[in-house]
Amino acid sequence: TELAKNGALMLFVGTKRQAAELVQQTAEALDQPFVTQRWLGGTLTNFETIQKRLKRLRELEGLVVSDVFERDYSKKQRVMLDRELKRLDRTLGGIKKLTRIPDVLVIIDTNEESNALCEARKMKVPVVALVDTNGDPDAVTKPIVANDDSVRTITMILGVLKEAVLAGRKLIQIVKTEESVATKPAIERQSDTATEAPEKTAKKSVAKKKMARKPVAKKATTKD
């Protein structure tokens with residue numbers, strides 16, 4: 001909840017059969033990146049290279065839907081580019097939104113995702129992970145001890161994490177609303193002062209003109 005409140009970028013990782021679909025659904029619902037196919041070596045430790053491949057993926061996605069694709073490329077070229085796009089989308093499609101090193105990794109099964117865990121530790125990225133009895137909780141920042149082979153357990157844990165993230169985002173909205181309400185009276189006072197100032201100035205100028213037109217009474221003199 002605290003991470004979500006601060007707008008953290010969370011990378012969900014779960015490539016095993018029991019977890020892949022659930023991880024993808026949770027990440028997409030929270031608009032966060034995910035890995036459900038295969039962890040590419042260097043996703044964190046060689047982030048610049050991964051970003052280049054993501055750039056290529058975005059270029060191909062834009063090319064395929066453009067008029068140039070059908071007009072300027074032969075049938076053989078289109079087939080090859082389609083294959084490249086599908087391959088990149090299969091391996092990198094889930095992390096298209098990974099524009100920087102994530103603030104936290106959410107991992108299902110630390111043994112299955114040992115490469116991801118290793119890279120996260122090297123890059124000092126906090127890890128929230130589902131750890132079974134055959135896992136090492138000391139390697140995880142926030143271990144959640146549970147059966148990582150049970151679909152029901154994975155569903156429950158991901159549901160709790162999802163609710164925690166949504167609660168953090170709701171706190172952001174509350175803070176923004178309170179700030180806007182607090183600043184609104186001040187802005188209104190400034191606008192009222194700005195509108196009142198010309199009126200006061202106009203009244204003063206009219207009063208001065210009237211005083212200027214008013215004849216000055218002569219002082220009465222008395223003779224001894």
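These legends accompany several close-up views of a predicted model.

**View 1. The whole chain, with its seven helices and five strands.**
Let's start with the overall layout of this predicted model. Read from the N terminus, the elements follow the order α-β-α-β-α-α-α-β-α-β-β-α. The protein has 224 residues, and 34% of them are buried. Looking at contacts with a separation of 6 or more, 56% join residues that are 24 or more positions apart.

**View 2. An open sheet of five strands with parallel pairing.**
Follow the strands across the sheet and you will meet them in the order β2-β1-β3-β4-β5. β2 (34-35) and β5 (142-145) each have a single partner strand and stand at the edges, so one side of each has no neighbour in the sheet. Further in, four bridges link β1 and β3 in the parallel sense. For a place to zoom in, try methionine 10, whose bridge partner in β3 is valine 104.

**View 3. The largest nonpolar core, a set of 31 residues.**
The members that touch the most others here are Leu11, Val13, Trp39, Ile95, Leu105, Ile107 and Val127. Two or more residues come from each of β1 (10-13), α3 (47-64), α5 (75-92), β3 (104-108), α6 (114-122) and β4 (127-131). Of these, α3 supplies the largest share, with six residues. Leucine 105 makes a good landmark: beyond its neighbours within four places in sequence, leucine 105 contacts Leu11, Val13, Trp39, Leu44, Ala116, Ala120, Val125, Pro126, Val127 and Val128. There is also a second, separate core of 20 residues, and Leu22, Leu30, Phe34 and Val106 are among its members.

**View 4. Helix α2 (residues 17-29) and the residue that comes just after the helix.**
Which residues of α2 are buried? They are Gln18, Ala19, Ala20, Leu22, Val23, Thr26 and Ala27. One of them, Leu22, also belongs to the second core of 20 residues. Just past the helix, aspartate 31 has a positive phi, about 60 degrees.

**View 5. The largest pocket, with a volume of about 270 Å³.**
This pocket has a lining of 19 residues, and those that lie nearest its centre are Gln24, Phe34, Gly93, Gly94 and Ile95. The elements α2, β2 and α5 each give two or more residues to the lining. By class, the lining holds five nonpolar, seven polar and seven charged residues. You have already met two of these names: Phe34 is in the second core, and Ile95 is in the largest core.

**View 6. The second largest pocket, holding about 150 Å³ of space.**
Its lining consists of Thr1, Leu3, Ala4, Met10, Phe12, Val104, Val106, Val128, Leu161, Ala164 and Val165. Two or more of these residues come from each of α1 (2-5), β1, β3 and α7. The most come from α7, which gives three. Sorted by class, the lining has 10 nonpolar residues, one polar residue and no charged ones. The bridge partners methionine 10 and valine 104 from the sheet view both appear in this lining.

**View 7. The cavity found in a search of the whole structure.**
How many cavities of 30 Å³ or more does the search find? The search finds one, and its volume is about 40 Å³. Around this space you can pick out Val35, Arg38, Trp39, Leu40, Thr43, Thr91 and Ile95. Four of the lining residues are nonpolar, two are polar and one is charged. Trp39 and Ile95 will be familiar from the largest core.

**View 8. Threonine 45, in the loop between β2 and α3.**
Is threonine 45 buried or partly exposed? With a relative accessible area of 40%, threonine 45 is partly exposed. Setting aside residues up to four places away in sequence, threonine 45 touches Glu119, Lys122 and Met123. Threonine 45 and methionine 123 are 78 residues apart in sequence, yet their C-alpha atoms are 6.8 Å apart in space.

**View 9. Threonine 153, in helix α7 (residues 151-213).**
Threonine 153 counts as buried because its relative accessible area is 19%, and the cut-off is under 20%. Apart from neighbours within four places in sequence, threonine 153 contacts Ala146 and Asn147.

Technical notes: Residues numbered from 1 in each chain as written. Predicted model: local features only at pLDDT ≥ 70, side-chain atom pairs only at ≥ 80, totals over all residues. Heavy atoms only, no water. Core = buried A, V, L, I, M, F, W, Y, C linked by side-chain atoms within 4.5 Å. Buried < 20%, exposed > 50% of the residue type's maximum accessible area, 1.4 Å probe, protein only. Contact = heavy atoms within 4.5 Å. 1 Å grid on protein atoms, 1.4 Å probe; cavity = no way out; pocket = protein on both sides within 12 Å on 5 of 7 lines; lining within 4 Å. Points joined across faces, edges and corners; volume = space filled by probe spheres on them. Nonpolar A, V, L, I, M, F, W, Y, C, P; charged D, E, K, R; others polar. Pairing = 2+ DSSP bridges.
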